[in-house]
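Visitor: I'm new here and would like a tour. Could you show me what we're looking at?

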Amino acid sequence: MNRVDQLKSFDPEIFDNLLKERDRQDAQINLIASENYVSPIVHLASMNALTNKYAEGYPRKRYYAGCQFADHVEEIAIDRANQLFSSEYANVQPHSGSQANHAIFNALLQSGDTIMGMSLNHGGHLTHGATVNFSGKDYKAVTYGVNEKGLIDYDQVREIAKKTQPKLIIAGFSAYCGILDWKKFRTIADEVGAYFLADIAHVSGLIAGGVYPNPIEEADILSSTTHKSLRGPRGGIILAKRNPDLFKSLNFGLFPGVQGGPMMHIIASKAVAFKEAMTEDFRQYQQQILKNAQAMVAVFLERGIQVVSGQTQNHLVLLDLTNTEHTGKAMQEKLEEVGIITNKNTVPNEQRSPFVTSGIRLGTPAITTRGILENEAKEIAHLISDVALKAYDVNQIKSKVLDITQSHPVDLNYLV
């Protein structure tokens, strides 16, 4: 009996749900901006004997014996990350982007220090100072936002920074469609004597592919996930270059600061993903991500659907539904009914609960992995517009969604 059959026989409930999830992913259009499909070889690289190995510490400085091959794998991952992002320091051990940020805070700050990041309601992330998160509970958080055009006002950022004197300024986002001006953030951080953290979780793949500016020369530290647009396994990473004095502190901030043993099998998978990201195919993939997002924006504007900032310069599209009859939650549910997967999202100057919201967030990494190009991205945008404007038949849209997904299957045969 092979291992798949063993799992099916031993735990049919779990096996059944794994198959159903595989089929769901294949049959639906995934527009969640933080999700993607790893390649079969990246997935395969996570299924290895290193899952059995404790390797607390760092290469050549472990707290357990038997780490010689774990050391080689982690060193390869570090070298590839540095090559990919032009950094001189990389920590590939964080279990997530949030864990990476927690480690950075732990390395640089004392409890009660002031931090400054983008407001969650304006497109920021939980770990940038949200009151429900450790970053807003353990530190004094002040926020900046976007102007009436949906773009960051750097004069406002400077004014808030001078008034509040943060020890750490964070630039990064979960729902912002523009290009961040890393040099302006660097200048403001220097003016107030703050560290500058660039959280590139959403755009690390675009940066690796050369279609979004790399902040490695401006920021003291970079943090990122390794999934999302980078298309690796779920995990995090910390990078740095300009401030070598921080390298040891950053390592200590993660281990033993907030994390114990790293997941070495995932670090092996990260290393493979970094190698994939150095290929010409990956660079072309990132270019197509941007083209698809911009093609979708053009359709929404043509159909009278409000787009925050009226454009996108990355993989994200944020729809403002305040001029429709839908809340974000209702729109998310209606789209899921027809096989289009999105997430509800707050919009600038949000008046509704974060559980309801007035917008939805879309992203193009996953559909681009499927091989979808601009024309079909436009077709998907038209389907979404039909739902938003209540000009649709559920079964007809379901059929069109299935046509698109069947025309662009994704290799999800990780299990069978």
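Guide: First, a bit of vocabulary: helices (H or I, at least four residues) and strands (E, at least two) are DSSP runs, numbered from the N terminus. A helix's expected span is 1.5 Å times one less than its number of residues. This is a predicted model, where local features need pLDDT of at least 70, side-chain atom pairs count only at pLDDT 80 or more, and totals for chains, interfaces and linings use all residues. Residues are numbered from 1 along each chain as its sequence is written, and side-chain values use heavy atoms, with hydrogens and water left out.

Visitor: How far does helix α12 reach from its first C-alpha to its last?
Guide: Helix α12 covers residues 280-302, which gives it 23 residues. At 1.5 Å a residue, 33 Å is expected, and the model comes close to that. The reach of α12 is 33 Å.

Visitor: Which residue takes a positive phi just after α12?
Guide: Look just past the end of that helix. The phi there is about 85°, and the residue is G304.

Visitor: Is α11 mostly covered or mostly open, and how many of its residues are buried?
Guide: Buried means under 20% relative accessible area, with exposed over 50% and partly exposed in between (1.4 Å probe, protein chains only). Helix α11 has 13 residues and spans 19 Å, close to the 18 Å expected. Its buried residues include M264, I266, I267, K270 and F274. So by that cut-off, α11 is mostly covered, and the buried count is 11 of 13.

Visitor: What about strand β7: how many of its residues are buried?
Guide: β7 runs over residues 168-172. L168, I170 and G172 point one way, I169 and A171 the other way, and all are buried. That makes the count 5 of 5.

Visitor: Which residue of β8 does I170 stand opposite?
Guide: Strands of a sheet pair through backbone hydrogen bonds, either parallel or antiparallel. Here two strands count as paired if DSSP finds at least two bridges between them. β7 is joined to β5 (residues 114-118) by 2 bridges and to β8 (residues 195-199) by 5, running parallel in both cases. On the β5 side I115 faces L168, while in β8 the residue opposite I170 is L197.

Visitor: Which helix joins β7 and β8 in a β-α-β unit?
Guide: The unit is right-handed, meaning that, with the strands pointing away from the viewer, the path from the first strand over the helix to the second runs clockwise. The helix in it covers residues 182-192, and its name is α8.

Visitor: Which strands are at the edges of the open sheet of 4 strands?
Guide: The sheet has the order β11-β12-β15-β14, with antiparallel pairing. Each edge strand pairs on one side only, and these strands are β11 (306-307) and β14.

Visitor: Which residue of β12 is the bridge partner of V307?
Guide: β11 and β12 (residues 316-320) run antiparallel and are joined by 2 bridges. The partner of V307 in β12 is L319.

Visitor: Now the empty spaces: what is the volume of the largest cavity?
Guide: On a 1 Å grid over the protein atoms alone, a cavity is a set of points where a 1.4 Å probe fits but cannot get out, and a pocket is an open set with protein on both sides within 12 Å along at least five of seven lines; lining residues have an atom within 4 Å of a point. Grid points are joined across faces, edges and corners, and a volume is the space filled by probe spheres set on the points. The search finds 2 cavities of 30 Å³ or more. The largest, with H122, Y176 and P348 among its lining residues, holds about 50 Å³.

Visitor: How many charged residues line the second largest cavity?
Guide: Ala, Val, Leu, Ile, Met, Phe, Trp, Tyr, Cys and Pro count as nonpolar, Asp, Glu, Lys and Arg as charged, and the others, Gly among them, as polar. The lining of this cavity includes R234 and K270. By class it has 5 nonpolar and 3 polar residues, and the charged count is 2.

Visitor: Which helix gives the largest share of the lining of the largest pocket?
Guide: This pocket has a volume of about 800 Å³ and is lined by 36 residues, with L120, G124, H125, L126 and S174 nearest its centre. The largest share is 3 residues, and it comes from α5.
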